[in-house]
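Open the model in your viewer and switch to a cartoon view. We will go from stop to stop, selecting as we go.

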Amino acid sequence: KASLRTTVAEARAGRPVLTDLFEAPIKIGWNLVALRATPLQTMTAEDLCLSLNGTEAGTALELARWELGAWESHLCGLPPNSFPMETGRGYFIRASRATTWSYRGEQVLTPAPQPLTVGWNLVSVATGTTSGPTVADTCTTLNTTYGRSEEHTSELQSRETISYAVF
């Protein structure tokens, strides 16, 4: 669910910043997620772990992303590989308990182009609406631009964010 807000001071100064409250259910096991809004502060993999483990330790176990043709994982609570979380990318969260992931950020109105490499790509399209690109639209665009693609997808938040694993 999402709600937009700005502060009175920002509005009076003529520079309102719309922030989006992002909440996504996290189930036991692996969850495909993406940032639907640009976080107000830089977010790392460990920041996400801390956020999910804030109410009950041990909820988030691991985060993974596809990087340069291989999986890169961050084990929650350990310093190595606490990679930055970025809009336009997909991530997997492994959880031991069901919970809700919440953060506040600036709504992504125009998604940045995502470069695709040969092989698998894990990308996300944050549409900001419920009428964003469909899986069929994305396949057609990829097939027209790059030739035939096999595509596996997971839709999140009633199509407000769509994440794709594209080959």
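Select Asn-81 first. Its relative accessible area is 41%, so Asn-81 counts as partly exposed. This is a predicted model. Asn-81 sits in the loop between strand 6 and strand 7 (90-95). Check its backbone: phi is positive, about 60 degrees, although Asn-81 is not a glycine.

Now select Leu-68. Is Leu-68 buried or exposed? Leu-68 is exposed, with a relative accessible area of 84%. It lies in the loop between strand 5 (60-67) and strand 6 (70-75). Here too phi is positive in a residue other than glycine, near 55 degrees.

Next, show strand 5 and strand 6 together. They form a hairpin with two residues between them, and Leu-68 is in the turn. The two strands run antiparallel and are joined by six bridges. To see one partnership, pick Ala-64 and look across to Ser-73 in strand 6.

Zoom out to the sheet. Which order do its strands follow? The order is 3-7-5-6, in an open sheet of four strands with antiparallel pairing. Strand 3 (29-34) and strand 6 are the edges, as each pairs on one side only. From one strand to the next, the twist averages 25 degrees. Strands of a sheet pair through backbone hydrogen bonds.

Colour strand 3 and strand 7. Six bridges link them in the antiparallel sense. Val-33 stands opposite Tyr-91 in strand 7. Then add helix 2 (residues 45-53), which packs on the sheet and touches strand 5, strand 6 and strand 7. The direction of helix 2 makes about 150 degrees with that of strand 5.

Time for the rings. The structure holds seven aromatic pairs. Select Trp-30 and Phe-92: their ring centres are 6.4 Å apart and their planes stand at 85 degrees, so this pair is edge-to-face. Trp-30 belongs to strand 3 and Phe-92 to strand 7, so the pair ties together parts that are 62 residues apart in sequence. Trp-30 is partly exposed at 46% relative accessible area. Phe-92 is partly exposed too, at 23%.

Move on to Phe-83 and Tyr-91. With planes at 10 degrees and ring centres 6.0 Å apart, this pair is stacked. Phe-83 is buried, at 2% relative accessible area. Tyr-91 is buried as well, at 0% relative accessibility.

For the last stop, select Trp-30, Trp-66, Trp-71 and Phe-92 together. These four residues form one aromatic cluster.

Terms used:
Residues numbered from 1 in each chain as written. Predicted model: local features only at pLDDT ≥ 70, side-chain atom pairs only at ≥ 80, totals over all residues. Heavy atoms only, no water. Buried < 20%, exposed > 50% of the residue type's maximum accessible area, 1.4 Å probe, protein only. Pairing = 2+ DSSP bridges. Axes fitted to C-alpha atoms, helices over the stretch in contact; angles between N-to-C directions. Contact = heavy atoms within 4.5 Å. Phe/Tyr/Trp six-rings, centres within 6.5 Å; stacked < 30°, edge-to-face > 60°.
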